[in-house]
Amino acid sequence: MRFLALGLSVLLNSCGGDKATLVTPDPHSWDVASAEAPDQGEGNEFWWRVTSAGNRLLAMTSLGDIWVSSAFSSGWKKQNWTLPGTPYSWYAEADSVWIGTEKPGRLYGCRVSNWNCKDLLLPVPDSASLGHVSRFKDKIWAFADAYQVRWVLTYDASGWNSWADGFPIDAPYRTLVVGDTLWAATWEHGLWYRVGTESTWKKQPSQRTTWNYLRLDSSENPRGISWHHGALWVGDWSGEVTKMSGGHAPYQAVGNCPAGASLPNCRHQPNNIFSLLSYHDRLYVGGFFGAAPFVLDEPTGFWITTEIVGWCWNDGNTCGGKRTWDMVGLGDTLYSASSRFIMKLPLAKVPTFDTSMMARFFWNPDTSKRDSIFRRNNPIGR
């Protein structure tokens, strides 16, 4: 599996930083919604993916084990997987889930309620890995790759067809459907899109790196992608969060601190980003350091950490996990796959901005310096 190295993990604890300056959290806000991963989720096995199918939750570990709830976060059951390949990617809706595997590469269509799976006979070699599965234009989309080769294939009643024209030698980390466009955030080659009526993929100009105002680098490792209030939002592994109004340039970076600022001088959004989620009119970002999801306060442009509502829910001794890999909303609750546990937070307890946060997180009430940096030409040349 592809996982970028997290060099800070041995030096920093996501429940540290300016935690000591926070108000004692309510221990009944964030809560656990699963069994605990071995070694507190810091070894080879951790909670990695979470999605929903109807009113059920589906969770996958880094080893490909799949757990399904009976409803919301109750009645978890580990599924007995005896089919060829290790589960790696999926797409779920209603009572269906399509599961892509590696070693060997396969794609299965499964009924969630009775866990009955069918091999869809994906035309790729066993050496391929099914890096991503999506659904667009009433077709299942399978993205597979092997050494220096990739496949983009669609499946419907007519069988398999190739839609790979223009796509890089890579696989998506995430995809997002917005109207007649499929967006694909790739592992290492930036953001791509495919309009349903067009014959090829196109690359979206990459957003500018703003954390160091002396550099002209672009971000090429998108990990989170979401449509929120008429804009495409992209979160890069590097920590950049970028708003693309209408899905077009010019872009606007959205962050807590001006370039060069660091703890304890200013509390950033996550240093490494793995997911973005728009749910019930709020936008969330999740990643590493800090580990708990952050929620955007749109009037001020600050990302508020949900750590302050009980992520360390056992007097600071037991954290939900050190990384938020994935998020999903279901009903009135936000769920997160966060290494150690699947965590849950009632939407009613998601924090909102108050002026005391300015001092608590070392945010400067004069945001002109921050905003002038984030509103530079973005992408470069625009």
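What follows is a conversation between a colleague and a modeller about how certain terms apply to this predicted model.

Colleague: What are the ground rules for the model?

Modeller: The model is predicted, so to speak of local features we need pLDDT of at least 70 and for side-chain atom pairs pLDDT 80 or more, while totals for chains, interfaces and linings use all residues. Residues are numbered from 1 along each chain as its sequence is written, and side-chain values use heavy atoms, with hydrogens and water left out.

Colleague: Why is D165 called exposed?

Modeller: Exposed means over 50% relative accessible area, buried under 20%, and partly exposed in between, with a 1.4 Å probe and protein chains only. D165 has 53% relative accessibility and therefore counts as exposed. This residue lies in the loop between β13 (159-162) and β14, and, leaving aside residues up to four places away in sequence, D165 touches R194, S199, T200 and W201, where contact means heavy atoms within 4.5 Å.

Colleague: What makes strand β19 largely enclosed by the rest of the structure?

Modeller: Strands are DSSP runs of E with at least two residues, helices are runs of H or I with at least four, and both are numbered from the N terminus. Strand β19 covers residues 231-236, and 6 of its 6 residues are buried, so the strand is largely enclosed by the rest of the structure. A231, W233 and G235 point one way from β19, whereas L232, V234 and D236 point the other way.

Colleague: How do you know that β19 pairs with β18 and with β20?

Modeller: Two strands pair if DSSP finds at least two bridges between them. Between β18 and β19 there are 6 bridges in the antiparallel sense, with L232 of β19 as the bridge partner of W227, and between β19 and β20 (residues 241-245) there are 5, again antiparallel, with A231 standing opposite S245. Both connections are hairpins: 2 residues separate β18 from β19, and H229 in that turn has a positive phi of about 50°, while 4 residues separate β19 from β20, and G239 in the turn has a positive phi of about 105°.

Colleague: What makes β14 and β17 edge strands?

Modeller: They belong to an open sheet of 4 strands with the order β14-β15-β16-β17 and antiparallel pairing, in which β14 and β17 (202-203) each pair on one side only. Within that sheet, β15 (residues 181-186) and β16 (residues 191-195) pair over 5 bridges, and A184 stands opposite W192 in β16.

Colleague: What makes the set that includes W30 and L334 a nonpolar core?

Modeller: A nonpolar core is a set of buried Ala, Val, Leu, Ile, Met, Phe, Trp, Tyr and Cys residues joined through side-chain atoms within 4.5 Å. The largest such core has 27 residues, and those with the most contacts inside it are W30, Y284, W311, L334 and W363. The elements giving two or more residues to this core are β22, β25 (302-305), β28 (342-346) and α1 (356-360). Among the residues that L334 touches are W30, Y284 and M327.

Colleague: Why is the space of about 770 Å³ called a pocket?

Modeller: On a 1 Å grid over the protein atoms alone, a cavity is a set of points where a 1.4 Å probe fits but cannot get out, whereas a pocket is an open set with protein on both sides within 12 Å along at least five of seven lines, and lining residues have an atom within 4 Å of a point. Grid points are joined across faces, edges and corners, and the volume is the space filled by probe spheres set on the points. By that definition the space counts as a pocket, the largest one, at about 770 Å³. Its lining has 28 residues, with T51, Y91, R174, T175 and M327 nearest the centre.
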